[in-house]
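The following exercises are to be worked through with the sequence and the coordinates at hand. Each consists of a task and a stepwise solution.

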Amino acid sequence: MTGLWSWLTTVDHKRIGVMYFLTSFFFFFVGGLEALLIRIQLMRPENAFISAETYSQMFTMHGTTMVFLVAMPMAVAFFNYVVPLQIGARDVAFPRLNALSFWVFLFGGLFINSSFLFGAAPNTSWVGYANLTSLQFTPGRNVEFWLIGLSILGISSILGGVNFITTIINLRAPGMKLLRMPLFSWMALVTSFLLVTAIPVVAVALILLAFDRFFGANFYEVTAGGDPILWQHLFWLFGHPEVYILILPSFGIISDVIPTFSRKPLFGYPVVVYAGILIGFIGWGVWSHHMFTVGLGPIADSFFVASTMIIAIPTAIKIFNWLATMWGGALRFPPPMLFAVGVVAVFTVGGLSGIMHASAPIDLQQHDSYFVVAHFHYVLVGGALMGLFSGIYFWFPKVTGKLMSESLGKWHFWTTMIGFNLTFFPMHFAGLFGMPRRTWTYQAELNLETWNQLSTVGAFIFGISSLFLVWNLFRSWKKGEAAPANPWDAATLEWSIPSPPPHYNFPVLPKVRSREPLWDEVERAEVEAVTLSEPEHEPEMPSPSFWPLVVALGVVLSWALVMTGVWWAPLLGLALTAFGIFSWAFQPAFR
Amino acid sequence: MARAAVIAQDDHHYTSTGLSSWKVGFWTFIGSECLLFASLISTYLVYKGRSVVGPYPEEILNIPLTSVSTFVLLMSSLAMVLALDGVQRGSRKLSLIWLGGVILLGSAFLGFQAYEFTHFVHEGLTIGTNVFGSSFFVLTGFHGAHVTGGVIWMITLWIMAARGKLAPADSLKVEIAGLYWHFVDIVWIVIFTLVYLIQ
Amino acid sequence: MFAPVAEASGKRRIARSAAGPRIALRGVMSLRRLTQARLNQARGMKNANLLRWMRQVGLLLTMAMVSACGEEYLQSTIDPVTDYGEVSQSLYLQVFWWTMIVLAVVWAVMAYILVRFREKPGQERPKPVHGHMGLEIAWTIAPAIIVVAITIPTIKGVFKVQRPPEGDALVVEVTGKRYWWSFHIPELGVTTANELHLPVGRPVSLRLESGDVIHSFWVPRLGGKRDVNPVVTVREGGEEKRNWMHFTLREEGVFWGQCAEFCGEAHSLMGIRVVGESEEDFQAWVSDWQTTAPTANAPEDASEATTENPLVARGREVFFRESYCVLCHSIQGTVAPGTIGPNLTRVGGRSTIAAGMLENTPENLELWIRDPRSVKPGVQMPGAQYDVTYEGVTFPPTNLDDEQIRALAAYLSSMR
């Protein structure tokens with residue numbers, strides 16, 4: 001089956017992965033455009049290129065978009081496409097649920113961006129601190145688009161998390177013990193655990209806000225005894241694990257890429273795995289380091305100083321192990337490796353400035369200044385996004401069966417490095433010299449112009465660098481050289497099947513005996529004997545279904561109708577959701 | 001080796017752990033729900049004693065009545081266990097009786113809650129009155145919504161059983177519904193303890 | 001969408017360029033003088049040579065382009081003038097060096113690896129190495145040691161910066177409102193807005209509270225920021241919670257700051273000026289405030305009335321009789337009772353208006369009264385031509401004409 005209908009009803013994890021990727025890639029440019037408007041506005045002191053209100057909408061949507069519509073879903077795109085192939089599964093555990101996650105994500109992203117059509121894009125920053133978000137202080141629909149949009153996206157994330165945990169725990173090929181799994185699948189597992197546990201917390205924060213705004217509750221209303229700080233606790237209880245939700249997939253990717261191009265197995269595999277798990281765990285105990293200025297008292301501050309310092313250790317261990325993997329290797333530098341090495345180099349800067357913030361008295365100066373903006377862009381762009389870029393170059397041949405242009409990839413890498421560093425390094429100085437974050441403009445006397453101009457120039461270079469990637473993707477997809485099953489001589493299962501993979505992935509499930517099945521001559525022969533064989537009967541695959549799309553529409557509709565303020569309106573959406581769920585439940589998964 | 005792999009290929013139910021994916025997935029989902037309720041309950045506890053105006057919890061919460069409704073919900077869990085047993089034994093009669101019991105007891109619990117809510121509103125406690133009202137109604141309301149969802153689920157199973165479409169082979173469906181039901185029940189025990197008993 | 005604001009900002013820029021340099025110069029000159037003085041002092045005090053050297057180099061490095069271009073940073077976070085600021089500063093320098101060392105090691109090792117282990121033509125797959133327990137332990141312990149070395153002084157610092165001063169501190173009640181600051185000194189009965197005078201050498205305790213949403217009080221050279229939270233209403237007998245900030249100024253000067261927690265449209269335009277001055281100057285400022293400004297009220301005897309600047313007299317009439325300014329603003333010693341907006345006592349003596357956004361000149365005052373939105377979008381003050389709704393009450397356009405506005409500005413400026 002081909003054509004539009006086949007995409008709308010698909011339950012194939014590979015197609016869903018591709019749709020996740022394309023959607024998040026599209027939003028990457030939306031968020032990037034917002035960033036460029038921000039940078040133009042800040043290029044000169046006391047500028048009024050865009051109005052203060054527009055500026056608020058831009059930085060709010062830039063943050064919201066990059067976190068929830070780019071970094072997270074792009075990682076999920078890789079989970080979708082790569083994890084089943086890496087662990088030797090034919091699909092995820094719940095293929096239709098997977099489709100539902102995607103459609104809910106897509107509609108949620110479109111919903112939140114549709115606010116631009118009403119001139120009411122969210123404008124209270126991506127952290128949406130109460131009580132600024134109350135009806136009294138931000139009337140308009142802006143906050144409502146934001147809180148409903150995020151709630152919708154949260155549903156998608158939780159369902160995705162459930163699906164990937166189950167897939168990884170339950171659908172590994174025979175012999176694929178947990179400690180034989182490729183690191184990317186491992187980090188997908190840890191990330192999924194963080195998703196299913198962290199998202200409900202922010203969901204509650206949003207639900208309380210919704211009740212305040214729509215039904216007159218008092219959760220963040222100070223005159224009734226409500227405390228706006230509650231929002232900050234709930235938000236950061238989610239927010240800090242969220243940081244690891246964003247960064248761990250990238251750590252996973254480069255932990256697979258670096259060994260491949262060092263032609264050596266990952267150094268200290270179990271240590272890297274445990275460090276990742278540890279980061280996920282401790283990530284739950286550090287949230288108040290986002291709140292040192294709030295006034296929680298010195299005892300609470302000290303506790304969170306200590307826990308935050310501790311989390312630096314497993315992070316450092318990962319970096320050392322990556323370096324040790326390269327040590328003594330035979331290093332090759334195609335684009336995926338360039339980006340992976342770039343991550344190690346650049347993320348280290350972000351990690352170290354993070355140590356500065358962990359020291360509370362320093363943070364009192366740097367908090368909510370451009371120094372922090374510099375820090376988290378080093379972590380989230382240098383760490384997360386560049387890791388995802390590495391993944392794009394790494395797995396593109398598997399997905400499309402075409403090789404990407406290496407020279408364009410190198411151009412992309414170097415322009416990205418220059419643009420990225422030129423954008424974000426000067427922000428350290430802007431922050432040190434007193435430029436607060438989320439500021440529409442700054443006074444000329446503050447002497448911040450030079451730093452901001454450097455950043456603006458850098459941002460445009462960074463913006464242009466992304467066009468190399470677009471062009472490379474498009475050109476290589478159209479007329480790249482055909483890719484063999486294992487173009488990189490990599491070690492893991494996804495490279496044992498043809499590029500692109502058949503829709504059933506593995507004609508027969510391979511049996512795995514080591515962490516690097518394709519690097520052992522004997523094992524490789526065994527595995528490829530089944531993975532490259534033509535099956536007599538194609539394995540039976542789950543049949544396409546229209547119902548995930550219907551349920552997703554129902555979910556989005558029920559939330560969107562909350563905005564009408566008519567109490568029974570959301571029931572219409574719920575009815576559609578229920579109808580979809582019943583039809584789905586009684587439709588056989590296999591034909 | 002090839003033979004083992006071929007067997008795996010033909011079996012849709014092959015899993016690494018031997019557990020059904022539905023079970024693993026559902027447990028994960030329940031883990032997620034735990035965090036949801038933990039956050040709601042924490043919110044309630046944070047706001048305990050911080051209402052500026054009444055009615056305050058000690059003035060309005062009716063422990064005897066809620067003890068009865070709690071007992072009703074506990075009994076529904078027992079019915080759930082027996083319903084699963086009925087399905088596993090292949091007894092349509094037992095399945096119908098006990099699934100029906102779950103539905104009735106669950107609905108009775110919801111009835112108690114509806115009575116409690118309307119009574120509170122008459123007493124002057126709404127979601128907008130104070131932080132107690134806000135956090136109480138949202139917490140117990142969310143729980144009530146979960147029970148409602150569970151009752152609808154049980155009705156679906158009851159209809160399936162009535163049509164003879166709930167054979168012992170389908171007992172996993174009832175088992176998972178049961179997981180959900182017991183979970184909702186346990187959450188209520190926690191709420192009952194923290195909200196009603198320890199004031 | 002963009003046009004009206006661009007136009008408005010044009011006005012703002014013109015207004016500023018007419019008067020801009022004075023303020024800047026004032027801040028900068030005092031800063032230069034004072035920085036030199038403090039450096040000399042610091043040189044005398046420090047004992048360990050290496051430490052001193054590292055501090056100097058650290059500052060030089062972090063301020064890299066600073067020294068090169070001779071720029072002055074009015075909101076520098078690494079140029080403290082209080083005991084509080086110095087705690088952050090000394091920790092910053094310590095951590096700065098630790099991070100530099102780690103970064104240098106990681107990058108050096110990496111550079112070596114990238115050069116040394118590049119694949120050679122025809123090279124075989126290297127011998128697989130799966131790990132090394134000794135190394136793993138070593139590079140777990142090494143960062144752990146560094147982290148402990150940072151954590152201990154950090155926690156000391158955490159307690160130090162939040163400890164209330166011993167002895168007689170000057171308490172200032174700071175209220176952040178969208179988009180300006182109110183400063184009230186209870187023991188002196190002084191209430192002023194946006195520009196706070198403080199004495200050098202005496203401990204100061206700021207009591208922070210918000211009148212609406214969360215703000216953050218940040219004057220970087222005084223020390224780190226502290227959130228300005230709305231006060232949660234508590235049941236009778238309960239304890240209200242407010243944040244405090246304690247410091248002792250070591251130097252005179254004009255210290256710039258601004259709101260550091262996003263609070264709405266004009267968040268970026270919510271400036272603070274703290275004027276640190278000698279005890280005598282501070283006392284002079286206080287007593288100025290406590291005695292009613294000569295021009296605040298109409299002169300009592302007729303002979304003085306004839307010599308008074310007619311524009312000022314006219315402005316007073318506009319303020320008290322022809323407008324409703326007094327609903328929101330008060331002036332000490334007059335009948336103006338308003339508490340919604342900034343207190344205007346001796347407003348002519350402030351260096352800026354509109355929370356640090358405009359230099360305090362009659363022309364800028366006129367602009368501000370006529371069209372405050374052009375200076376500060378989202379401001380909660382009505383203009384000549386537009387109304388504003390504040391906490392559910394709509395204040396109509398003031399409908400003041402140019403003559404009235406000019407007189408009003410003259411009157412306000414006259415109260416120095």
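The exercises below concern a predicted model, and each solution follows its task directly.

**Exercise 1. A helix of chain A**

Task: Establish whether the end-to-end distance of helix 16 of chain A agrees with its number of residues, and determine which of its residues are buried.

Solution.
Step 1. Helix 16 covers residues 547-562 of chain A, 16 residues in total.
Step 2. The expected span is 1.5 Å times one less than the number of residues, and for helix 16 this should come to 22 Å.
Step 3. The end C-alpha atoms are 23 Å apart, which agrees with the expectation.
Step 4. A residue counts as buried under 20% relative accessible area. In helix 16 of chain A this holds for A:Trp547, A:Pro548, A:Leu549, A:Val550, A:Val551, A:Ala552, A:Gly554, A:Val555, A:Val556, A:Ser558, A:Leu561 and A:Val562.
Step 5. Because 12 of the 16 residues are buried, helix 16 is largely enclosed by the rest of the structure.
Step 6. The cover over these buried residues includes helix 1 (3-8), helix 4 (95-114), helix 5 (142-170), helix 6 (183-215) and helix 17 (569-585), which belong to chain A.

**Exercise 2. The surroundings of A:Thr416**

Task: Locate A:Thr416 in the secondary structure, decide whether A:Thr416 is buried or exposed, and identify a polar partner of its side chain.

Solution.
Step 1. A:Thr416 is part of helix 13 of chain A, which comprises residues 406-432.
Step 2. The relative accessibility of A:Thr416 is 0%, and therefore this residue counts as buried.
Step 3. Leaving aside residues up to four places away in sequence, A:Thr416 touches A:Phe339, A:Met386, A:Asn421, A:Phe462 and A:Ser465.
Step 4. The side chains of A:Thr416 and A:Ser465 are joined by a polar contact of 3.2 Å.
Step 5. For A:Gly463, 47 residues from A:Thr416 along the chain, the separation of the two C-alpha atoms is 8.4 Å.

**Exercise 3. A loop histidine**

Task: Where in chain A is A:His367 found, and which residues does A:His367 touch?

Solution.
Step 1. A:His367 sits in the loop that links helix 11 (360-366) to helix 12 (370-400) of chain A.
Step 2. With a relative accessible area of 9%, A:His367 is buried.
Step 3. Its contacts, not counting residues up to four places away in sequence, are A:His290, A:Thr293, A:Val372, C:Lys225 and C:Glu261.
Step 4. In addition, the side chain of A:His367 forms a polar contact of 3.5 Å with the side chain of A:Asp368.

**Exercise 4. The interface of chain C and chain A**

Task: Describe the interface of chain C and chain A by buried area, salt bridges and the elements of chain C involved.

Solution.
Step 1. The size of an interface is often given as the accessible area lost when the parts come together. For chain C and chain A the buried area is about 8,900 Å², with 65% contributed by carbon and sulfur atoms.
Step 2. The contact involves 104 residues of chain C and 107 residues of chain A.
Step 3. Three salt bridges are counted between the two chains; one of them pairs the side chains of C:Glu119 and A:Arg332 at 3.0 Å, N to O.
Step 4. The rule also finds 32 residue pairs in polar contact across this interface.
Step 5. Elements of chain C that each supply at least two residues to this side include helix 1 (3-45), helix 5 (133-162) and strand 9 (253-259). Helix 4 of chain C gives the most, with 17 residues.
Step 6. By class, the side of chain C holds 56 nonpolar, 27 polar and 21 charged residues.

**Exercise 5. Chain B and its contact with chain C**

Task: Characterise the fold of chain B and its interface with chain C.

Solution.
Step 1. Chain B has seven helices and zero strands.
Step 2. Its C-alpha trace spans about 75 × 40 × 25 Å along the principal axes, and 46% of its 199 residues count as buried.
Step 3. Among contacts in chain B with a separation of 6 or more, 82% come from residues 24 or more positions apart.
Step 4. Six residues of chain B are in contact with four residues of chain C, and the two chains bury about 380 Å² between them, 49% of it on carbon and sulfur atoms.
Step 5. On the side of chain B, B:Arg50, B:Val52 and B:Tyr56 lose the most area to chain C, together 70% of what that side buries.
Step 6. The count of salt bridges between chain B and chain C is zero, while one residue pair is in polar contact.
Step 7. The residues of chain B that touch chain C comprise two nonpolar, two polar and two charged.

Conventions:
Residues numbered from 1 in each chain as written. Chains lettered and ligands numbered in written order. Predicted model: local features only at pLDDT ≥ 70, side-chain atom pairs only at ≥ 80, totals over all residues. Heavy atoms only, no water. Helix = DSSP H or I, 4+ residues; strand = E, 2+ residues; numbered from the N terminus. Buried < 20%, exposed > 50% of the residue type's maximum accessible area, 1.4 Å probe, protein only. Contact = heavy atoms within 4.5 Å. Buried area = accessible area lost by both parts, 1.4 Å probe. Salt bridge = Lys/Arg side-chain N within 4 Å of Asp/Glu carboxyl O. Polar contact = N/O pair within 3.5 Å; in protein donor to acceptor, adjacent residues only side chain to side chain. Nonpolar A, V, L, I, M, F, W, Y, C, P; charged D, E, K, R; others polar.
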